[in-house]
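Notebook open. Today I look up surface charge and aromatic contacts.

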Amino acid sequence: MVTIYNALDLFVRIGLVVRHTFTSAMSFEKCYGVRDHYHQVCTHCGAVKEIEAPLVSKAIDGTKFPRFHVDHITMSAMGICSKCQQRLNRANKRLEKRKEEKEKEKAKAKANRDNQGNQSNRSNQNSQNKQNHQKKTKI
């Protein structure tokens, strides 16, 4: 294994390979004879996809780097891929649905408590009315 890493380090030093650390894992990519290219990296699942960005390449080609020789330029767009976006959207919808169900259950329980309270108030009121009626009839 050590000899493979030594060989990769040598390839990086002589410009045959470029080392990337897009996520926590390290990856290598050939760069000899490859024009500048760019990557989009999903920060959720770690998927890496090469993309072409002609406007970016044109802007970089027009950029001067005084007293500096550019071997290669890398650019990575970090974000969330469409597959992970779909998964996250589904998960968020499920969470919202659960939240709505819990709120409905709470409202139902509150309504039941309120109804029970109203019924006990009515029975108290009825018993007071009976007592008042009985007092009036005794007098």
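I start with a negative patch, and with one of its members, E101. E101 comes out as partly exposed, because its relative accessible area is 41% and the partly exposed class runs between 20% and 50%. I place E101 in helix α3. I note that the model is a predicted one.

Next I check the company E101 keeps. E96, E100, E101, E103 and E105 gather on the surface as a patch of negative charge.

Then I turn to positive charge. Which residues gather in a patch of positive charge on the surface? I find K83, R87, R90, R94, R98, K102 and K106 there. I pick K83 for a closer look. K83 sits in helix α3, which covers residues 82-138. Is K83 buried or exposed? K83 is exposed, because its relative accessible area of 58% is over the 50% cut-off.

Last entry: aromatic rings. I searched the whole structure and got one aromatic pair. The partners are F65 and F68, with ring centres 6.4 Å apart and planes at 50°, so I log the pair as tilted. The cut-offs behind that call: centres must lie within 6.5 Å, and tilted is what remains between stacked, under 30 degrees, and edge-to-face, over 60.

I also looked up how open the two rings' residues are. F65 has a relative accessible area of 37%, so I enter F65 as partly exposed. F68 reaches 57% relative accessibility, so F68 goes down as exposed.

Terms used:
Residues are numbered from 1 along each chain as its sequence is written. This is a predicted model: local features need pLDDT of at least 70, side-chain atom pairs count only at pLDDT 80 or more; totals for chains, interfaces and linings use all residues. Side-chain values use heavy atoms; hydrogens and water are left out. Patches are made of residues with over 30% relative accessible area and no salt bridge: like charges are joined within 9 Å, nonpolar side chains (Val, Leu, Ile, Met, Phe, Trp, Tyr) within 5 Å. Accessible areas come from the Shrake-Rupley method with a 1.4 Å probe; for residues, only the protein chains shown count as cover. A salt bridge is a side-chain nitrogen of Lys or Arg within 4 Å of a carboxyl oxygen of Asp or Glu. Lys and Arg count as positive and Asp and Glu as negative; His and the chain ends are not counted. The place of a charge is taken as NZ of Lys, CZ of Arg, CG of Asp or CD of Glu. Helices (H or I, at least four residues) and strands (E, at least two) are DSSP runs, numbered from the N terminus. Buried means under 20% relative accessible area, exposed over 50%, partly exposed in between (1.4 Å probe, protein chains only). Rings of Phe, Tyr and Trp (its six-membered ring) pair if their centres lie within 6.5 Å; planes under 30 degrees apart count as stacked, over 60 as edge-to-face and the rest as tilted.
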